[in-house]
Amino acid sequence: MIQISKPDFSIGKLLATPAALEALQEANVDIIDLVERHVSKDWGDLSDEDKRLNDEALHDGSRILSAYILPTDVKIWIITEAEDDNGERAATTVLLPEEY
């Protein structure tokens with residue numbers, strides 16, 4: 001049985017680009033593993049400043065970004081959109097940086 005802890009923030013709809021899905025498949029990495037790292041505040045391969053901004057985003061509702069290097073040396077980004085006027089985050093997208 002897989003047990004997932006309660007995330008520290010809502011991700012809304014989970015979306016992924018075809019290129020990101022292909023990169024994950026080639027690296028034999030499960031998208032859910034990366035999303036779980038993202039929601040557990042493991043921001044991955046970011047500068048200290050970007051990590052600090054993510055920590056602030058948990059309180060101010062701004063965008064959250066994580067970056068992970070796959071075993072194939074491809075970088076994957078996970079971006080959770082900023083909160084809307086109702087305090088909801090509409091979506092989290094898994095993509096390659098060049099697709100941003």
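# Charges, rings and loops in a predicted model

Pro71 counts as exposed, because its relative accessibility is 63% (buried means under 20% relative accessible area, exposed over 50%, partly exposed in between, with a 1.4 Å probe and protein chains only). This is a predicted model, in which local features need pLDDT of at least 70 and side-chain atom pairs count only at pLDDT 80 or more, while totals for chains, interfaces and linings use all residues. Residues are numbered from 1 along each chain as its sequence is written, and side-chain values use heavy atoms, with hydrogens and water left out. Helices (H or I, at least four residues) and strands (E, at least two) are DSSP runs, numbered from the N terminus.

**Two pairs to find along the chain**

- Let's stay with Pro71, which sits in the loop between strand 2 (64–69) and strand 3.
- Pro71 and Pro97 are 26 residues apart along the chain, and their C-alpha atoms are separated by 16 Å.
- Val39 belongs to helix 2, and it is classed as buried because its relative accessibility is 9%.
- From Val39 to Ile64 there are 25 residues in sequence, and the C-alpha to C-alpha distance in space is 9.7 Å.

**Salt bridges**

- How many salt bridges does the structure hold? There are four (a salt bridge is a side-chain nitrogen of Lys or Arg within 4 Å of a carboxyl oxygen of Asp or Glu).
- One of them joins the side chains of Lys75 and Asp45, at 3.9 Å from N to O.
- This pair links distant parts of the chain, with Lys75 in strand 3, Asp45 in the loop between helix 2 and helix 3, and their positions 30 residues apart.
- Lys75 is partly exposed because its relative accessibility is 30%, and Asp45 is partly exposed too, with a relative accessible area of 44%.
- Another salt bridge brings together the side chains of Glu49 and Arg52, at 2.5 Å from N to O.
- Glu49 and Arg52 are three residues apart in helix 3, so about one helical turn separates them.
- Arg52 also forms a salt bridge with Glu56, where the closest N and O atoms are 2.1 Å apart.
- Glu56 and Arg52 are four residues apart in helix 3, so here again the separation is about one helical turn.
- Put these together and you have a network of salt bridges linking Glu49, Arg52 and Glu56.
- Each member of the network is partly exposed: Glu49 has 40% relative accessibility, Arg52 has a relative accessible area of 36%, and Glu56 has one of 35%.

**A negative surface patch**

- Which residues form the negative surface patch? They are Asp60, Glu83, Asp84, Asp85 and Glu88.
- Patches are made of residues with over 30% relative accessible area and no salt bridge, and like charges are joined within 9 Å, nonpolar side chains (Val, Leu, Ile, Met, Phe, Trp, Tyr) within 5 Å.
- Within this patch, Glu83 is located in the loop between strand 3 (75–80) and strand 4 (91–95).
- Glu83 counts as partly exposed because its relative accessibility is 37%.

**Aromatic rings**

- A pair of aromatic rings is described by the distance of the centres and the angle of the planes.
- Two aromatic pairs are counted (rings of Phe, Tyr and Trp, its six-membered ring, pair if their centres lie within 6.5 Å; planes under 30 degrees apart count as stacked, over 60 as edge-to-face and the rest as tilted).
- Trp77 and Tyr100 make an edge-to-face pair, with 5.7 Å centre to centre and 70° between the planes.
- The two rings come from distant parts of the chain: Trp77 is in strand 3 and Tyr100 in the segment after strand 4, 23 residues apart.
- Tyr100 counts as exposed because its relative accessibility is 62%.

**Positive phi in two loops**

- Asn28 is not a glycine, yet it has a positive phi of about 55°.
- You can find Asn28 in the loop between helix 1 (18–27) and helix 2 (31–39), and it is exposed because its relative accessible area is 72%.
- Lys41, also a residue other than glycine, has a positive phi near 70°.
- Lys41 lies in the loop between helix 2 and helix 3 (48–60).
- Is Lys41 exposed, partly exposed or buried? Lys41 is partly exposed, because its relative accessible area is 38%.

Technical notes
Areas by Shrake-Rupley, 256 points an atom, 1.4 Å probe, with all protein chains shown as cover. Lys, Arg positive; Asp, Glu negative; His and termini not counted. Charge placed at Lys NZ, Arg CZ, Asp CG, Glu CD.
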